[in-house]
Each structure stands twice: as structure tokens, then as C-alpha cells.
Amino acid sequence: MLHKTNPTKTKSWQKLLDHFKDMNSVHMRDFFADEQRFKKYSIRFEDILLDYSKNIITDKTKQLLIELANECNLKDSIDKMFSGEKINETENRAVLHTALRNFKHDSIIEDGNNIMPKIKDIRKKMRMFSDAVRSGEWRGYTGKKIKNIVNIGIGGSHLGPAMVTEALKFYGSNDIRVFFISNVDGTEITEILKDLDHEETLFLIASKTFTTQETMTNAYSVREWFLRQTRDEETVKKHFVAMSTNKEKVDEFGIDTENMFEFWDFVGGRYSLFSAIGLSVALYIGYDRFEEMMLGASSIDEHFKNTNFENNIPVLLALISIWYINFFGAESEVILPYDQYLHRFPAYLQQANMESNGKSVDRDGKLVDYSTAPIIWGEPGTNGQHSFYQLIHQGTKIIPADFIVGKEPLNKINEHHDILLSNFLGQTEALMKGRTIEEVKDSYPYKVFKGNQPTNSIIYDKLTPNVLGKLIALYEHKIFVQGIIWNIYSFDQWGVEYGKQLAIKIQSDIKEGKVSQDHDCSTKGLLKYLID
């Protein structure tokens with residue numbers, strides 16, 4: 001069981017409130033009179049560098065934030081997660097997504113059982129299947145090689161694989177295209193299917209229970225489309241596989257249960273990328289590279305678990321974020337990858353953060369009186385510079401930003417990467433320094449902006465599967481740390497369930513062409529308008 005500590009009642013929180021009064025009037029440009037600031041406030045871990053010097057922090061800030069982590073029993077909570085305790089208490093589940101990418105320990109215990117043998121079995125099955133499809137050993141019902149992979153899922157069964165296949169497109173097969181169907185809006189399924197040859201297409205259905213409404217609606221529509229062309233239900237076995245735990249439903253669909261890839265309750269949907277949910281990734285980039293990504297994430301797991309908080313990258317990212325959210329009143333954080341391959345990374349982190357920590361009830365069942373998850377958003381640089389950066393520079397809000405870039409490009413074209421890097425550096429410097437009245441005398445006040453906008457810079461040597469795994473794990477653990485300190489449960493998502501329940505009832509109304517009287521007047525009015 002996790003400790004239940006209201007952070008606002010700790011001594012360190014009160015000290016941070018007092019410290020904030022002093023820090024609220026400083027400008028970080030003054031900190032840079034210290035030529036050693038970058039050295040003091042940056043960390044290198046393998047091929048990743050974090051520079052957090054452009055933040056409104058001092059040694060005292062850092063010390064007090066670490067005291068807060070200690071008062072909230074963070075180290076004990078980290079140990080409990082990795083040891084398989086059921087820290088997802090509202091669902092009575094362990095939280096062991098880290099076990100999926102574990103290659104160091106032969107035994108990880110969950111509910112009295114060593115789970116590593118079954119994890120290794122699924123890894124082996126994924127390797128054999130992806131190798132067979134990529135080599136042409138596995139073929140469609142007419143003998144044609146598979147050229148199209150269509151992943152049908154939603155939430156974590158969609159956002160993770162979709163992000164990764166974009167991020168690692170450089171390493172993808174030239175002979176295989178990957179598509180993702182998630183939205184129940186028929187437009188997405190129509191646009192994807194219209195250009196596909198059914199004889200060359202493999203469909204992956206990702207639903208733990210095989211009952212997820214959006215996923216199964218899309219899956220059955222795809223099955224219907226497929227059978228209109230083959231007119232033989234046996235052909236389903238060569239073109240559909242499942243990532244699920246429900247053998248009965250999978251068999252009922254027509255999928256050979258030998259082609260069902262299992263995953264488990266100790267892995268939440270938004271943390272399931274390294275499970276069988278990543279099958280589309282393994283098919284696209286090859287299992288060896290999928291494993292490289294797991295090894296990258298695993299190296300961060302070890303760093304997070306074993307490194308003191310003063311030099312622990314996920315812990316520091318989380319604490320700095322808490323500093324702005326809970327003391328400066330920041331409401332959002334922006335993720336700015338200066339790498340087009342990472343253009344879906346902000347959306348992936350949006351779900352990971354906001355679904356995990358978007359909670360207003362603490363672990364004691366009480367309403368919190370402090371901010372929890374920020375709004376996460378972002379776009380790739382340099383595109384964002386020509387759309388929303390203006391608000392960050394001269395708007396009225398404090399918006400902490402993470403700038404992410406590769407030291408070397410994967411695609412070397414003329415001076416493109418030099419220009420990209422110069423913008424990456426120029427924007428963080430401008431956000432820190434601002435422009436004073438003296439610097440813009442000719443056009444005061446319109447060219448003045450205060451600066452003092454916080455940024456973290458994360459630089460990796462080159463975007464590889466291993467590096468991407470590290471980035472994913474860094475943010476996963478940042479989110480976990482924040483949930484612990486905010487005294488909330490990060491691994492459930494009860495908030496989305498109620499709307500789903502009402503949707504099922506309303507769907508019945510639409511189908512029957514009636515308006516139930518137990519809706520509110522707005523819903524009744526809208527429903528009547530839609531069905532008339």
C-alpha cells in the first residue's frame with residue numbers, strides 16, 4: 001500500500017511557499033552571471049543530456065523539492081512499484097509495465113508468481129510472428145505477401161504504436177505500410193480501406209477484453225469489408241490476429257486463438273506499448289529494433305530506481321514541473337520536439353499525463369485543494385515558432401516548455417539541421433533572457449518581453465530505437481513521481497467510464513428513434529434534433 005501524504009501538509013511544502021515569495025521576483029537571466037550554472041544544472045545519462053539550468057531554481061529550490069519528495073515517501077513508492085505491490089489500489093492491481101522491458105532480472109513477482117516466464121513467451125511469439133510476416137513465410141489466403149498492417153485499437157492501444165511507427169519511420173520496412181484505425185467515426189475506416197488490397201493486408205485487433213466499443217465496432221466493420229471480397233470465413237484466420245485475453249470472443253470473431261497475443265492486468269493501456277500491443281511496431285521495424293527500444297527504456301528504469309534524487313532525471317523533471325504547477329500557478333506544459341519524426345510524441349504524452357494524473361480525489365478519497373496534472377500540448381519545432389510561440393514569449397501565462405532535439409540528424413540535407421539547432425537554442429535563450437526596454441528603445445513597448453520563461457533542453461545523440469525507449473520511460477517515470485507527490489492514484493481512469501455508460505443508453509435511443517425522458521433538457525433537445 002502506498003503512503004498517503006497530503007503534500008500541502010508537509011514541512012517542505014510550507015518552506016517552498018516561503019521560498020516562492022523570494023523567487024517570484026527574481027529573473028533567471030541574473031543566474032547566468034554564474035558561468036558554472038550549466039555544469040551544475042545539467043545531467044548526462046548515456047546518450048541523453050538534460051539541461052535544466054534555464055529554470056527559476058536555485059540550489060535551495062532543488063533541496064526543498066527533494067525534501068518534498070522524501071517527505072512524500074517517493075523512494076518507498078518507487079520500490080513498491082518495481083517489486084510488484086498492488087499500488088493501483090482502486091483496481092487491486094500491480095503496476096509492472098517496467099517488467100515488460102526487463103532483461104536484467106530473471107524473477108519479478110506479481111501476486112506470488114514469477115511473471116517473467118510468460119513475458120518471455122510473448123516476446124518469443126512476437127519475434128517469430130513478426131519475422132514470419134516480414135520474411136514472407138506468413139502469407140495471405142491467396143499466397144500473396146503481406147504489405148499492409150492495420151492496427152485497430154484506441155487509447156493506449158493506438159497512441160503508443162502510432163507514435164512509435166512515426167518516430168522510427170527511418171528504420172521501417174520499405175515493403176510494409178502501417179495504418180491505424182482508432183476513431184469510431186466511419187470516415188477514418190473508409191479512407192484507410194479504400195486503397196488497400198485485402199489479399200495483402202493483415203489486421204491487428206487490440207482489445208484486452210475484446211469488448212471495447214469503438215475497437216470492436218471498427219473490427220467487425222473491417223471483417224465485413226474483408227468477407228465481402230473473400231466470401232469465406234476461413235480466410236479470416238490468415239488476415240486477422242488479436243492482442244487480447246478473451247479467447248472465447250477472439251474465437252467467436254473467427255481468429256485462430258494460436259494467433260492471439262496475451263497481455264495482463266498489471267499493465268495499464270497507456271503503458272502497454274512494450275507488450276503485445278507493440279506488435280505493429282515489431283512488424284514494421286523488425287523485432288530486433290523493437291527490443292532495442294525496450295532496452296533503452298529498461299536502462300532508464302534502472303537509472304530511475306537506483307540513482308539518488310539529486311541526479312535522477314525523471315525525478316528532477318517531475319519536481320521542477322511541480323514547482324511551476326503548484327507554486328507559480330502554471331496550468332499547462334508544452335512539449336516541443338525539434339524532430340519531425342517525433343511529431344506524435346506530444347499527443348502520446350498528453351494521454352500518459354492527463355489520463356494518469358487528471359484526478360481531483362486523493363488516495364484518502366478526499367477532494368484535493370491543489371493543482372494536479374497540467375494540460376499537455378505541443379507541436380514540432382520549427383512549425384510551432386510560426387504559430388503559438390508568440391503566446392509563450394509575450395502572453396500572460398507561464399508555460400514551462402520541454403525542448404527536445406537530436407545532436408545528429410537521421411536525414412542530412414544541406415544546412416537544414418544547423419538551422420534547426422540554431423532555432424532550438426535561440427528560442428530557449430530568448431525565453432530565458434527576454435528583451436529589455438533598453439534593447440528596443442525604438443519600438444517600446446511592443447518589442448519588449450520579460451523572458452523568465454522556464455525551459456528544459458533534452459538532447460540525444462541521434463534518434464534510434466534505444467533513444468526513443470529512453471524518452472518514453474523518462475516521461476513515464478516523471479508522471480509516476482508527480483502522482484506520488486500529489487497523493488493521487490495514477491493508474492486508473494474512472495473519469496471516462498461514466499460518459500461511456502451514458503453513450504450506450506443514448507445509442508439505444510437513437511436506434512429506436514425515441515427520446516428518453518430521464519435525460520436533461522439539453523440532451524433531450526439535441527437528441528430530438530438529431531433523430532428527427
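Biologist: How many nonpolar, polar and charged residues does the lining of the largest cavity have?

Modeller: In this predicted model, the largest cavity holds about 90 Å³ of space. Its lining consists of 15 residues. By class these are 8 nonpolar, 4 polar and 3 charged.

Biologist: Which element gives the most to the lining of the largest cavity?

Modeller: The residues nearest the centre of this cavity are Glu333, Pro400, Asp402, Asn456 and Lys478. At least two lining residues come from each of α14 (313-328), β10 (332-338), β12 and β13. The most, 4 residues, is given by α14.

Biologist: Is strand β13 largely enclosed or left open by the rest of the structure?

Modeller: Under 20% relative accessible area, a residue is called buried. In β13, which spans residues 455-460, 5 of the 6 residues are buried. The rest of the structure therefore leaves the strand largely enclosed.

Biologist: Which residue of β13 stands opposite Asp51?

Modeller: Strand β2 (residues 48-51) runs antiparallel to β13, and 4 bridges link the two. On its other pairing, β13 runs parallel to β12 (residues 401-406), with 6 bridges. Phe403 has Ser457 as its bridge partner in β13. Asp51, too, stands opposite Ser457.

Biologist: In what order do the 6 strands of the open sheet with mixed pairing stand?

Modeller: Within this sheet, β13 pairs with β2 in the antiparallel sense, whereas with β12 the sense is parallel. The pairing of the sheet is accordingly described as mixed. The order of its strands is β1-β2-β13-β12-β10-β11.

Biologist: Which strands are the edge strands of that sheet?

Modeller: The strand order begins with β1 and ends with β11. Each of these two pairs on one side only. The edge strands are thus named as β1 (42-45) and β11 (375-377).

Biologist: What angle does the direction of α17 make with that of β12?

Modeller: From one strand to the next, the sheet twists by an average of 15°. At one end, 3 bridges join the parallel strands β10 and β11, and Ser332 has Ile375 as its bridge partner in β11. Helix α17 packs on this sheet, where it touches β10, β12 and β13, and its direction makes with that of β12 an angle of about 160°.

Biologist: What is the order of the strands in the open sheet with parallel pairing?

Modeller: This sheet contains 5 strands. Its pairing is parallel, and the strand order is β6-β5-β7-β8-β9.

Biologist: Why is one side of β6 and of β9 left without a neighbour in the sheet?

Modeller: Both strands stand at the edges of the sheet, β6 at 177-181 and β9 at 260-261. One side of each is left without a neighbour because each has a single partner strand.

Biologist: Which strands of this sheet does α9 touch?

Modeller: Strand β5 (residues 148-152) runs parallel to β6 and is joined to it by 5 bridges. Within that pair, Asn151 has Phe180 as its bridge partner. Helix α9 packs on the sheet with its direction at about 155° to that of β7, and the strands in contact are β5, β6, β7 (201-206) and β8 (240-243).

Biologist: What is the volume of the largest pocket?

Modeller: The lining of the largest pocket comprises 14 nonpolar, 16 polar and 9 charged residues. Helices α7 (156-167), α9 (213-230), α15 (345-357) and α19 (497-512) each supply at least two of them, and α19 gives the most, with 4. The volume of the pocket is about 1200 Å³.

Biologist: Which of the 39 lining residues are the closest to the centre of the largest pocket?

Modeller: One of them is Lys500, which lies in helix α19. Lys500 is partly exposed, with a relative accessible area of 41%. The full set of closest residues is Thr212, Gly269, Gln493, Glu497 and Lys500.

Biologist: At what angle do the axes of helices α6 and α13 cross?

Modeller: Arg123, Met126, Arg127 and Ser130 of α6 meet Tyr287, Asp288, Phe290, Glu291 and Met294 of α13. The residues of this contact divide into 4 nonpolar, 1 polar and 4 charged. The axes of α6 (residues 116-135) and α13 (residues 287-306) come within 9 Å and cross at roughly 145°.

Note on methods: Residues are numbered from 1 along each chain as its sequence is written. This is a predicted model: local features need pLDDT of at least 70, side-chain atom pairs count only at pLDDT 80 or more; totals for chains, interfaces and linings use all residues. Side-chain values use heavy atoms; hydrogens and water are left out. On a 1 Å grid over the protein atoms alone, a cavity is a set of points where a 1.4 Å probe fits but cannot get out, and a pocket is an open set with protein on both sides within 12 Å along at least five of seven lines; lining residues have an atom within 4 Å of a point. Grid points are joined across faces, edges and corners, and a volume is the space filled by probe spheres set on the points. Ala, Val, Leu, Ile, Met, Phe, Trp, Tyr, Cys and Pro count as nonpolar, Asp, Glu, Lys and Arg as charged, and the others, Gly among them, as polar. Buried means under 20% relative accessible area, exposed over 50%, partly exposed in between (1.4 Å probe, protein chains only). Two strands pair if DSSP finds at least two bridges between them. Contact means heavy atoms within 4.5 Å. Axes are lines fitted to C-alpha atoms, for helices over the stretch in contact, and angles run from 0 to 180 degrees between N-to-C directions.
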